[in-house]
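Open the model in your viewer and keep the sequence panel beside it. This tour tells you what to select at each stop and what is there.

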Amino acid sequence: INFLKSIIIDGVSMLVVCLDSCELYEDNGIVDKEMLRSVSRAIGMANFDRIILLNHHSILDTDSDPLFNSWLVIEFVRENNIEHVFCGHTHQLSVMNSTDLYHQHSFTQYKNGSLSSVNTPSDTNMFLYYENFGSQEMVIHVIRAIVEGESLNFEEELIRLT
């Protein structure tokens, strides 16, 4: 579902942009060019302090079921000065930073793991939360759910970006 939602967190207005990159009954992804144009117009009319993008498919890397027009979404990210992109699809955890030297724009992509019942081989189910999001002191908390015999255990890992 494509939508924009403005929320207030600690007095900061955050615009959350969600793009639906899934094709009906397919694992591959695509984002409609006209939808990006419409969402960009809506972003241009919105008032906010910060902006993030939620997208099912990764835009910086891919797997056997790719987002076919990821370059178009990357242009959308640059044109709307989005600095943080959250995605999933691969059920893997990664944090990647991309810098377009020509346009002088950087953004970070967070692949957020999965609480899915099907995961990548030898990986655990996981979820993330963020402390001091977007600041120099940001910490990513990775919580892994591990099944051991009859027990469900949780392990926390901290990733500091500085």
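The stops below go from the whole chain to hairpins, a pocket and a few loop residues.

**Stop 1: the whole chain**

Show the chain as a cartoon. Remember that this is a predicted model. What should you find? The chain has two helices and nine strands. Trace the order along the sequence: it reads β-β-α-β-α-β-β-β-β-β-β.

Now show the surface. The accessible surface is about 9,700 Å², and carbon and sulfur atoms hold 52% of that area. How many of the 162 residues are buried, as a percentage? The buried share is 35%. Look at contacts as well. Among those with a separation of 6 or more, 50% join residues that are 24 or more positions apart.

**Stop 2: the hairpin of β1 and β2**

Select residues 3–9, which form β1, and residues 12–19, which form β2. The two strands run antiparallel, with seven bridges joining them. Together they make a hairpin, with two residues between the strands. Find I9 in this pair. Which residue stands opposite I9 in β2? The partner is V12.

Next, click D10. D10 lies in the loop between β1 and β2. Its phi is positive, about 50°, although D10 is not a glycine. Here is the background: most residues other than glycine have a negative phi. Is D10 buried or exposed? D10 counts as exposed, because its relative accessibility is 79% and the cut-off for exposed is over 50%.

**Stop 3: the largest pocket**

Stay with D10, since D10 is one of the residues that line the largest pocket. Select the full lining: I7, I9, D10, V12, M14, V16, R50, I52 and F133. The space inside is about 250 Å³.

Colour the lining by element. β1, β2 and β3 (50–55) each supply at least two of its residues. Which strand gives the largest share? That is β2, with three residues. Now colour by class. Seven lining residues are nonpolar, two are charged and none is polar.

**Stop 4: N47 and its contacts**

Move to N47. You will find N47 in the loop between α1 (33–45) and β3. N47 has a relative accessible area of 71%, so N47 is exposed.

Show the residues that N47 touches. Leaving out those up to four places away in sequence, N47 touches S6 and S13. Draw a distance line from N47 to S13, C-alpha to C-alpha. The two are 8.0 Å apart in space, yet 34 residues apart in sequence.

**Stop 5: N81**

Select N81. This residue sits in the loop between α2 (70–79) and β4 (84–87). N81 is another residue other than glycine with a positive phi, near 55°. N81 counts as partly exposed because its relative accessibility is 47%.

**Stop 6: the hairpin of β5 and β6**

Select residues 93–100 for β5 and residues 105–112 for β6. These strands pair in the antiparallel sense over eight bridges. Pick V95. Which residue in β6 stands opposite V95? Y110 does.

Finish at the turn. Four residues lie between the strands of this hairpin. Q104 takes a positive phi there, near 55°. Put D10 on screen again and look at both turns: D10, in the turn of the β1 and β2 hairpin, has a positive phi of about 50°.

Notes: Residues numbered from 1 in each chain as written. Predicted model: local features only at pLDDT ≥ 70, side-chain atom pairs only at ≥ 80, totals over all residues. Heavy atoms only, no water. Buried < 20%, exposed > 50% of the residue type's maximum accessible area, 1.4 Å probe, protein only. Contact = heavy atoms within 4.5 Å. Areas by Shrake-Rupley, 256 points an atom, 1.4 Å probe, with all protein chains shown as cover. 1 Å grid on protein atoms, 1.4 Å probe; cavity = no way out; pocket = protein on both sides within 12 Å on 5 of 7 lines; lining within 4 Å. Points joined across faces, edges and corners; volume = space filled by probe spheres on them. Nonpolar A, V, L, I, M, F, W, Y, C, P; charged D, E, K, R; others polar. Pairing = 2+ DSSP bridges.
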